[in-house]
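Me: I am new to this structure. Please take a close look at a single part of it and explain how that part sits among its surroundings.

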There are 2 protein chains.
Amino acid sequence: MTMTTTQIRLAQRPKGMPEKTDFNWKEEQLKQLDSGEVLLKTLYVSVDPYMRGRMSDSKSYVEPYKVGEVIKGSVIAEVAETNSLDLQVGDIVIGNLGWQTYLVASENELRKIDPNQAPITTQLGVLGMPGITAYFGLLDIGKPVEGETVVVSGAAGAVGTVVGQIAKIAGAKVVGIAGSDEKLTYLKNELNFDEVVNYKSEDFKDQLKQACNDGVDVYYDNVGGEVSDAVLRLINKGARIPVCGQIALYNLEKPDLGPRMQSQLLINSALMKGFIVSDYGAHFEEAIKDLAKWLQDGKLSYRETIIEGFDKIPDAFLGLFKGENIGKYMVKVASQSE
Amino acid sequence: MTMTTTQIRLAQRPKGMPEKTDFNWKEEQLKQLDSGEVLLKTLYVSVDPYMRGRMSDSKSYVEPYKVGEVIKGSVIAEVAETNSLDLQVGDIVIGNLGWQTYLVASENELRKIDPNQAPITTQLGVLGMPGITAYFGLLDIGKPVEGETVVVSGAAGAVGTVVGQIAKIAGAKVVGIAGSDEKLTYLKNELNFDEVVNYKSEDFKDQLKQACNDGVDVYYDNVGGEVSDAVLRLINKGARIPVCGQIALYNLEKPDLGPRMQSQLLINSALMKGFIVSDYGAHFEEAIKDLAKWLQDGKLSYRETIIEGFDKIPDAFLGLFKGENIGKYMVKVASQSE
């Protein structure tokens with residue numbers, strides 16, 4: 001039997017904000033299964049801000065995609081046929097896989113998910129890369145202490161929602177920055193953030209200052225740009241600033257100019273550190289164990305923004321930069337088999 | 001006996017680059033010695049870049065001077081009269097003291113210097129605050145490893161000269177940035193820096209890139225501004241950036257705008273940390289012990305720029321910002337008694 005799959009490829013490198021014309025669709029025949037390989041039916045495709053960096057050819061923390069290549073990212077899939085001793089038909093797996101409806105993958109690039117432990121989509125969010133990113137950036141770099149003030153930007157995103165909740169578990173006062181009333185309400189009412197501020201408000205800086213009336217001890221930075229400038233003006237002596245993302249900048253075409261912040265770090269003996277989750281590759285199990293425990297104990301809750309349809313993947317990806325999502329943004333491509 | 005002393009006070013807060021009119025001279029009668037107090041004859045007055053910050057009323061890492069107040073800084077003096085059981089006439093002491101020819105001080109604010117261990121002026125430089133600052137910034141934050149590339153700006157100054165030499169002791173390749181041929185020659189020929197670059201060169205960025213052909217693992221930042229922008233473009237994965245000073249900015253009247261560097265930190269998982277030597281107050285002895293040992297073993301050498309005359313103190317202070325000094329800059333006010 002020959003199988004046809006639909007792929008989404010990088011048509012050209014986006015200039016500034018990506019557009020749908022930067023992607024193209026292609027039909028391909030799938031190859032026969034070699035030993036150790038499986039045929040996968042794609043269930044969920046994750047869209048993540050870091051993927052924008054890979055679409056440019058400038059240096060980033062991961063290899064750029066090649067033009068003409070299938071876009072790759074985190075994907076949850078179901079085994080439809082198997083030539084592997086480890087994986088059975090019906091097994092649910094996760095891997096760094098192409099945006100395509102069906103695919104052939106080696107058992108070595110897949111990790112099996114236990115669907116009874118938690119909903120499988122949590123592997124893309126709270127129990128996956130975003131959750132682990134939140135965990136290490138906050139606890140290893142931010143090191144919040146009871147009673148300190150932790151500010152998180154991009155607070156309603158897949159990473160930010162977990163950062164704020166872990167900071168609460170650590171006993172910190174948590175201030176979330178996001179861009180819509182709906183997000184602020186969610187953070188305040190469902191995740192129990194102490195203070196929330198809309199960066200689109202005209203008096204954002206004043207609101208932020210008021211929310212951080214004891215200054216800022218930890219700033220978990222997901223966004224960069226002017227939002228971060230405003231937070232950095234409020235840091236306390238000994239502040240720690242994990243730099244996790246700079247989503248405000250990913251689509252800039254000009255150099256990102258602003259106040260240099262070395263003086264702020266200097267007069268406050270403050271620390272700023274960039275990181276990527278793979279820096280902590282050797283310690284993932286530790287994070288996953290804690291996150292799963294908190295989830296089970298009801299100390300960690302999550303929301304997902306899921307849209308349906310393989311052809312909607314680029315829309316979801318573009319939506320990240322428009323702030324469309326609360327919590328983890330993903331695309332449902334197919335349902336699990338009964 | 002009543003004694004008269006001459007003081008230098010802050011006449012007004014400098015706007016931009018300080019001028020001599022920002023200081024004024026005043027004659028004062030010294031008070032009688034209380035119990036535990038001594039009369040001091042000032043020998044050497046230290047001028048240091050951080051003092052510029054104290055002349056403004058904006059937040060800095062130390063309290064601002066008050067307008068009309070005597071300027072205070074590191075001073076080496078000789079005990080001329082004593083009402084202290086611990087200090088004898090002729091003893092040499094160091095303290096954070098006023099810019100004045102004679103002064104009355106309490107034994108509690110003084111530390112006795114052993115003039116037989118090393119020349120007393122080293123207490124203002126290589127064995128004093130600048131040496132200790134170099135030591136902790138480089139070893140605690142920079143953590144250079146054998147074979148790595150360490151870049152230091154303000155390389156010919158009191159701190160920079162020590163940073164480069166400790167980095168050599170650690171087995172690193174050392175690249176020094178300074179502003180005159182005389183300084184570069186000194187760094188290269190006498191301190192054995194591997195590479196030296198003049199930031200005033202037209203092709204500074206190209207020269208720097210060539211000097212750092214394996215990238216930059218540690219950047220010890222004394223200057224800030226465009227020099228630092230250029231170094232930060234060259235950092236390697238896992239780079240460490242101790243921020244010790246920002247002398248290029250201390251006299252700026254406008255906000256310091258430039259490329260925001262969070263993205264550089266992010267894609268390189270790099271760490272930037274501001275600090276002040278007092279952060280390490282509990283560990284000074286450890287630094288002094290190592291520095292004295294290296295000095296004795298000939299692994300650490302130093303140079304001093306000394307001008308004579310109490311009335312030259314403001315000139316020396318202003319000279320810091322013109323790059324006049326190689327090594328520690330100080331003013332000799334009087335000779336030690338025979």
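Reply:

**Domains and a helix**

The C-alpha centres of domain 1 of chain A and domain 2 of chain A lie 28 Å apart. The model is predicted, and local features need pLDDT of at least 70, side-chain atom pairs count only at pLDDT 80 or more, while totals for chains, interfaces and linings use all residues. Residues are numbered from 1 along each chain as its sequence is written, with chains lettered from A and ligands numbered from 1 in the order in which they are written.

Domain 1 of chain A covers 4-125 + 302-332, and domain 2 of chain A covers 129-281 + 287-295; these bounds come from an automatic or database domain assignment.

The part for a close look is helix H4 of chain A, residues 181-190. Helices (H or I, at least four residues) and strands (E, at least two) are DSSP runs, numbered from the N terminus. In H4(A), A:Lys183, A:Leu184, A:Tyr186 and A:Leu187 are buried. They sit on the same side of H4(A), because they cover an arc of only 160 degrees around the axis, taken from the directions from the helix axis to the C-beta atoms. A residue is buried if 20 or more other C-beta atoms lie within 10 Å of its own, exposed if 12 or fewer, and partly exposed in between, with C-beta atoms placed from the backbone. A:Asp181, A:Glu182 and A:Asn189, on the other side of H4(A), are exposed.

The cover over the buried residues of H4(A) includes helix H3 (158-169), strand S9 (173-178) and strand S10 (195-198) of chain A. Contact here is C-beta atoms, placed from the backbone, within 7 Å. After H4(A) comes A:Asn192, with a positive phi near 60 degrees.

Terms used: Two residues are in contact if their C-beta atoms, placed from the backbone, lie within 7 Å.
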